Amino acid sequence: MPNLSPLFYELTGVYVTNRYIETGTYLGNGIRTVLNAGYKHIHSIELSEKWYKYNVEQYKDASSVKMHYGDSKRVLPELLKSICEPVTIYLDAHYSGTPTAFGDEETPLLEELEILKNREYDDIIIVDDCRLIGKSGVCGAGPEHPIYPTMNFDWTHITDERILGLMKDGYALLKNDLSEWSDGNSDQYILVKSPNFRKYRIYNDTKTGSGALYLDYCSVLKIFMSKLESAYEKINEGYAVVGVCTDEYLECIKGWCEEHSLQFSR
Ligand SMILES: C[S@@+](CC[C@H](N)C(=O)[O-])C[C@H]1O[C@@H](n2cnc3c(N)ncnc32)[C@H](O)[C@@H]1O
C-alpha cells in the first residue's frame, strides 16, 4: 500500500482520505507501510482463508485495521455501500503463485475498476503490477522463492485502453515511472480526478488513423515534452494523443504542435 507523495497532493489538489482500502493482503506487508500514515481506517480484502486469518491475528491490536475475507469483487461493493466519502484504494488482488489464492480469474482488476467507476465518490485508485498489463509469460522471484515463486501469468485481456475506458469522466491516469507520485513501485498507475488538470488532444488532420495514445502527465516539463516528442511518429501514423496537464503546460504543448504542424484541441 503505497503512500502518495506530497507532490501528488500539491499538483492534484485532492485531499488525503480518511480511509485506505487494499485488495489482496497476502503477508500484510502493505498494511504495515500505511499503518502510521494517519488513515483513520485501513481495510484489506483477502481471498485466501489462510492469509486472511494470519492477518486478523497479526493486526488484532491495530484498532484502525479491519480485515475482510472473500473475493474483492464481491466484498468491495458491500464494503463501499457504507462509505460515503472518497477513499484511497490500492488494487493488488491477483494470483501470485502457490501460497496465494486463485479466484474466478487470475486478477479481478477490471471488475474492481468497474465497481469504482459506478461510485458516486471520486476515489484515488492505485493499480499495482502494471508491468504485467497486456502481457503473458513467466513472472516471480525464482522457482524456489518462498513468497513470490516463479509462475505463469496471463494479463493479455488487461490493457491500458480498457483501464482508460473504466475511468470516470475527468479522471487522469498518472504513471509512477519516475517515482514522483508515490513511494510505491514504479509500475503503479494512479487514477485520480483533479480540478487542476485540463484535457487536451493532439492530432494530424491530414491522417485518418483512429488509434489514441494516452500521454500521462509528469511534473517535469522537460521529461513531459520528451514523452511528447517520442509520440510524434505515432501521431504521424494517424494516432491522436490524448492526455491531461496543468495550465502552465498548455502553452508549451500548443507551441510544440504549431512547430510540428499538428492540431491541438482542448
Ligand atoms: C500480490 S499479493 C498482495 C500483496 C500485498 N498487497 C502487499 O502489498 O504486500 C496478492 C494477494 O491477492 C490475493 N487474491 C487473489 N485473488 C483475489 C481476489 N479475487 N480477491 C481478493 N484477494 C485475492 C492472493 O491470495 C494474494 O494474497
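**Exercise 1. Determine which residues Leu250 touches, leaving aside those up to four places away in sequence, and classify its exposure.**

Solution. Leu250 is in contact with Arg198, Tyr200 and Cys245, once residues up to four places away in sequence are set aside. The structure under study is a predicted model. The next step places the residue: Leu250 belongs to helix α8, which covers residues 247–259. For exposure, the neighbours are counted: 14 C-beta neighbours lie inside 10 Å of Leu250. A residue is buried at 20 or more such neighbours and exposed at 12 or fewer. Leu250 therefore counts as partly exposed. Finally, Leu250 and Tyr54 are 196 residues apart in sequence, and their C-alpha atoms are 50 Å apart in space.

**Exercise 2. Give the strand order of the open sheet and explain why one side of β3 and of β8 lacks a neighbour.**

Solution. The open sheet has seven strands, in the order β3-β2-β1-β4-β5-β9-β8, and its pairing is mixed. At the edges stand β3 (65–69) and β8 (171–175); each has a single partner strand, so one side of each is left without a neighbour in the sheet. From one strand to the next, the twist averages 15°. The pairing of β8 with β9 (residues 189–193) is antiparallel and runs over five bridges. Within this pairing, Tyr171 stands opposite Lys193 in β9.

Helices are then added to the picture. Helix α3 (residues 49–58) packs on the sheet through contacts with β2 and β3, and its direction makes about 160° with that of β3. Helix α5 (residues 109–117) lies across β1, β4 (88–91) and β5 (124–127), at about 165° to β4.

**Exercise 3. Describe the contact between domain 1 and domain 2.**

Solution. The domain assignment gives domain 1 as 6–193 and domain 2 as 198–265. Their centres, taken over C-alpha atoms, are separated by 30 Å. Ten residues from domain 1 and eight residues from domain 2 take part in the contact. On the side of domain 1, α1 (6–12), α6 (160–165) and β8 each supply at least two residues. Of these, β8 gives the most, with four residues. By class, this side has seven nonpolar, no polar and three charged residues.

**Exercise 4. Characterise the shell around the ligand.**

Solution. The ligand is surrounded by 25 residues, of which the closest are Gly24, Tyr26, Gly30, Thr100 and Gly103. The elements giving two or more residues to this shell are β1 (19–23), α2 (29–34) and β2 (41–46). Sorted by class, the shell holds ten nonpolar, eleven polar and four charged residues.

Conventions: Residues are numbered from 1 along each chain as its sequence is written. This is a predicted model: local features need pLDDT of at least 70, side-chain atom pairs count only at pLDDT 80 or more; totals for chains, interfaces and linings use all residues. Two residues are in contact if their C-beta atoms, placed from the backbone, lie within 7 Å. A residue is near a molecule or strand if its C-beta atom, placed from the backbone, lies within 6 Å of it. Ala, Val, Leu, Ile, Met, Phe, Trp, Tyr, Cys and Pro count as nonpolar, Asp, Glu, Lys and Arg as charged, and the others, Gly among them, as polar. Two strands pair if DSSP finds at least two bridges between them. Axes are lines fitted to C-alpha atoms, for helices over the stretch in contact, and angles run from 0 to 180 degrees between N-to-C directions. Domain bounds come from an automatic or database domain assignment.
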